[in-house]
Structure formats: C-alpha cells, structure tokens
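Biologist: I am new to this structure and would like a close look at a single part of it, the largest cavity. Please set the scene before going into that part.

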Amino acid sequence: IALCETLIQHRDPQIQAWALRHYKELKRSIEPSKPITEAQQNTVQLSKPLIGHAKRLKKLQRLPKINLLPLWLLQAGCAIAFFWLICELLRLFMRVTNDLLVNLPYLEPIQLFYRDPTQFVLVTLLLLFGFSPWLLDGLLRFDNLQPLSLDTLATYSPEARQLLERYYQRQNWRSPQLKLLPISVPLAFTYGNLPRNARLVVTQGLLEQLAANEIATIYATQLGHITHKDVAVMSLVMIVTQLPYVVYSQVSRWGNKIPYSYLQFIAGVIANFAYVVWYLLCIPAIWLSQVRIYYSDRLATEITGNPNGLTRALLKIARGISTDIRQQQSTSWLLESWQLLIPLNRTQALTLSGCQTTSDFESVLAWDCYNPYRYWFNLLQTHPLVGDRLQRLARIAQSWRLEPELALLKNHITPSTSFCSTFFLQIAPFLGIILGFMFGCLTWLIGGVGIWLRAPQIAWMYGDWSLILGSLPIGFSIGTFIRLNAFFPDIKVSSLASVELGEFLANTNTLPLDSKPTRIHGKLLGRYGISNWLAQDLILQSNTRLIRLHHQALLTLLPRFFNNQARAIEKMIGQDIATTGWCRRGATLWLDLDTWRTPSSAGRSEHQILSAVLACAAAIWGTYIILRGEPF
C-alpha cells in the first residue's frame, strides 16, 4: 500500500493507473473494514488518469466510402506549388548573387546563374524522390535510428503486430519495415515513396507511454498515409526541407561555441537565413499535411474499431510532447524539423499542457469545435485542430453506439453580431488587400468610361496594372493601422493581474483580437544563443502550463548584438522571468510579449512599432508603384 501511495504521484500515467488500481484492490482485500481517509481520497482523485477508458467495437464495422479525389488533387497541387517555390527561390538567389558580384570590384558574375534552373530543379527533385527513403534513413541515424522487429513490437502491443501482418497481407505488400528512435518523446511518422519501402517509425516513448490498443491505433494512422499514397509527396518535401534545417541546426551549434563576436554574427545570419528558407519550403505542404490526417484517422478507426483508443493516444502524445519540452528545457530539433509528419505539432501540445482532467480537455478543445472562424485561424498550421479531429472521432463512436471518450458533441451556439464585427476587425489588413484590389478595378472602370467619353485626363487609368498592384499594399497598410490600437490595447501596470487561462481558453467565442493584458511569472525555456535570434523557440513555463511566447527581435537584432548589454531575451534561457503582454487564443495559445524582466536584466518587445513600420513601408511601396507607373 505504501508503495502504491508513492507511485500514485509518479509522472508516468501508466504507472499512475497501475498504482491506483492496485491501491484500491489492496485496500479492499487487506483492510476491508477500514475506510479510506479524506486525505487519501483526495490523493486518489488528483491522481486519476487524464482520460478514461471508453469502449471499442467488439466486431469491426465498415464506414461509408469517401471520395479520395480531393486528397489526390491536393497532393498534385502540393507537388506543383513546391516545385514552383523552389524554382523561384533559386532564381532569386542566382539573380541577387550575380547582381552583387557585378557591383563588387575584381569579381565577375557566374555565367551559369543566368540560365533557367527549371530543368535542373526537376531532375534533382526526381533523384531525391527516388532515394528519399534511404536519405531520410541516413539523417535519422544521427538520432540512433534502429530496426524494430515484430517480436519486439508484440511485447508492447500484440494488437499492433496482428494489425500490421493482417493489413500488409491483405494489401499484398511486403513485410513492414519498422524502425525505432530511442528517445522519450512519443512520436510516430512514416516516409517512403512506395508501400514496399515505406518506413514506419515510432519512438521508445510512444511504446512506453501508450497502452497496447492505443499503439495499434497510431500504427493504423500510419498505414492510412501509405494507403492513400500521400506519404510519397510528404517524403519528398521532408528530404528537401531537411537540407536548410540541418544547416540551421549545425551552424547554430557551431556558432554558439565561437568566442569571436564577428564570426558568431556571421554564423547567426547564415543559420537564421537557413531557418527562414526551411519555413518557406514547408508552406506548400501545409494544407496537404492537414487534410491527409483526416483521411488517416478515418481509416485507422475503421481497421481497428477503436475511435476512443485513437483519442486517448493523441492526448497522451500531446502530454508527452509537453513533458519532453519541460525536461529538455527547449524544443528538440527532431520535434521541429519533422513536424509535417508527426501526429501532433508542438504548439498544439503546449496549448493542452495545462489539462489535468477529462473536463479540462473538453473545455480547452471546445474552441476547436464550436468557434465559427476556427478554420481561418488554422490555415497556416501544419496540423488540423485537435478538437476538430477528436470531434470527428466522437461522431464515429456515436454512430457505432459507443460512448465517446470526450463530450465534444454539443449544440452549436450562433455567434452574436458584435462577435462577427470583431472578426472583421481581426482580419482588417487582409480585407484591406481585397478592398485595394476592388479600388484598382474601379480605376480601370473609370478609365474605361474616360475612353468612352474621350476624356484623356482619366482614360489613361484603363489597363494600368500599377494602379491595381499599388493599391494592394496600400489597402494592407490602411487595414493594419485600423486594427493597430484594438490589437494592442494599452497595458496599465496598476491594474495588471494574472489571467485565469483555464477560463480564457474555455471561451469558444474568443478571437486573437480579444486579448487581455496580463502578467505571468515563470521559467523561460527555449534554445540558447544564435539558434533563437528570430525568437522561434521561446516558451514560458508557469505553475500550471507551458505558454508559447511571441517576441519581436528583428528591430533590436544588430544593436543588442554589438551592444554587449543583457537585452537579448534568448540569453535569459533557464532563468525565472516576469512577463507582461497580451494573451491570445487562436488555433493555439500564445502570449505577445510587451515587457520582460529577470533578476539581472529587462527588455521590451516592440510589436506595436514593428506593425506601424510594416504598415508605413507597405504604403510607401504601393505609392512608389503607382507613381512609377510600372508593376515592378
């Protein structure tokens, strides 16, 4: 009994569940007449697993067939957009390089850079596509990638082994190629260009932290990616995006060890430029990364009959990711660079990091299910909304007359008129672009009328593309200025208080514009040094949860580097920090920093200034296009 009472406080949920079950059994068998004290009962209640154990189908049932054509069209669109983006980035690099060489003394431009790179890019992508499984194997060997036998898998999940053998035999595929990464964070992903060479990779943390039936559901989702053939396109995207990310990670590690400031600055510029290239190359695959998960979840549910098991698995993965970030004190390189393939991304895990009970999950995920504008705020996320995924699984469970793991099937609440107007204010910069385009078209119409009236004073506007192209950034500028004050309300230090984030996250009508100025104390986590110059990995660990921080570092990058004062926030990693800012809820939770203070230094994040500078620059650019009379 004493051992169980100790293990109830363990971090591992499986150990908690085991200890709780045996604690109750021992109490009933050894001390049946002695009631459990109130303190012991409180301990037991606090130590319950985060989620329950809703039932599954005893006999598999088929789901209605769905049309896979949208998924295949999206794969083709992703491949085309990816190819186009690479060509354009390469053309830009070649043009800028030659322009620079022409203006420098004693140097000549590279004649090869004047050629069209389309054919070279096409051949290179075809080669990378053909060798992508083995190239990705080589990259993962740096993380100690190992083969995983079916016998070893059966020790953790006999159901997963049976599922793989049965499914591969039914599809007439070769034996599955299973791989293992010996790391503690629970992850799973698949890559390859054909079913016969597809690699199904899981981590040791996933095998240890998930139950046997939950492991089977995760493997089933990976089989969905192979069946729907989206794994081939995603593998190509992954091998190309890994190249700039490896440059970013390796140069960052090397640069942080350099004692010379000027060399460190050069390394920082190269590393963060590579990070920007990596981020841009991921954009064409974002929508495919989202949509393919819906299809794989559906197939996994059909071949396992366990939608509730998949729900539990995803929530445990989210908890495992946030736990790994706490332990590592930063986001691991693998967790970020492979985010397009893993079941959940780190930002979603951070949003769920404060959930302790089933009701906590239901309240936080309600925004993903019922906010009418939720899909707009998830357009640039690599994964679909967690609540939306789990709600679809709950609908499948309900159609099979199973009790869903989470109660996410409530009545929809119609938003008020004021809520709709808040949304329009939220997207004011983008509405400004649309209105700018409409204004440009209006000038064409006026020019057409001038031609009809034979009035040359206004007829010149007809067919002038500079009027349309110049109106776009001007409209963006006007929309940004309209939203600026509402997006960054004044922070009064006297009335500043900590926000109860549980209630804040539970409000399904919250938009990022509906922020509340707040003060939060905690420990600053993230990468140290030049690998975090763009504030790409800043996380605040409070008493209850992990919160992603948005910090504007571009305006102070050069001054803070050469000014040796402790103003760079990435140098404060690992210290206790007091922050003020605007807490926002969109597809994920984050905090826009206003000020930060540690025992040794303080600083400010100039979000308002950057927004104003960006708006002014857009207005000047648009005006220049119109006055010049040429599109470019």
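Biologist: How many helices and strands does the protein have, and what lines the largest cavity?

Modeller: Let me begin with the whole chain, bearing in mind that this is a predicted model. The protein has 24 helices and ten strands, and of its 632 residues 51% are buried. Among the contacts with a separation of 6 or more, 72% are between residues that stand 24 or more positions apart. Towards the outside, the protein exposes about 31200 Å², and 62% of that area is supplied by carbon and sulfur atoms.

Turning to the inside, rolling a probe the size of a water molecule over the atoms shows where empty space is left. A search of the whole structure finds three cavities of 30 Å³ or more, and the largest cavity has a volume of about 90 Å³. This cavity is lined by 16 residues, of which Gln222, His225, Ile293, Pro343 and Arg389 are the closest to its centre. Two or more lining residues come from each of helix H9, which spans 212-227, and helix H12, which spans 286-304; H12 gives the most to the lining, with five residues. As for the character of the lining of the largest cavity, seven of its residues are nonpolar, six are polar and three are charged.

Terms used. Residues numbered from 1 in each chain as written. Predicted model: local features only at pLDDT ≥ 70, side-chain atom pairs only at ≥ 80, totals over all residues. Heavy atoms only, no water. Helix = DSSP H or I, 4+ residues; strand = E, 2+ residues; numbered from the N terminus. Buried < 20%, exposed > 50% of the residue type's maximum accessible area, 1.4 Å probe, protein only. Contact = heavy atoms within 4.5 Å. Areas by Shrake-Rupley, 256 points an atom, 1.4 Å probe, with all protein chains shown as cover. 1 Å grid on protein atoms, 1.4 Å probe; cavity = no way out; pocket = protein on both sides within 12 Å on 5 of 7 lines; lining within 4 Å. Points joined across faces, edges and corners; volume = space filled by probe spheres on them. Nonpolar A, V, L, I, M, F, W, Y, C, P; charged D, E, K, R; others polar.
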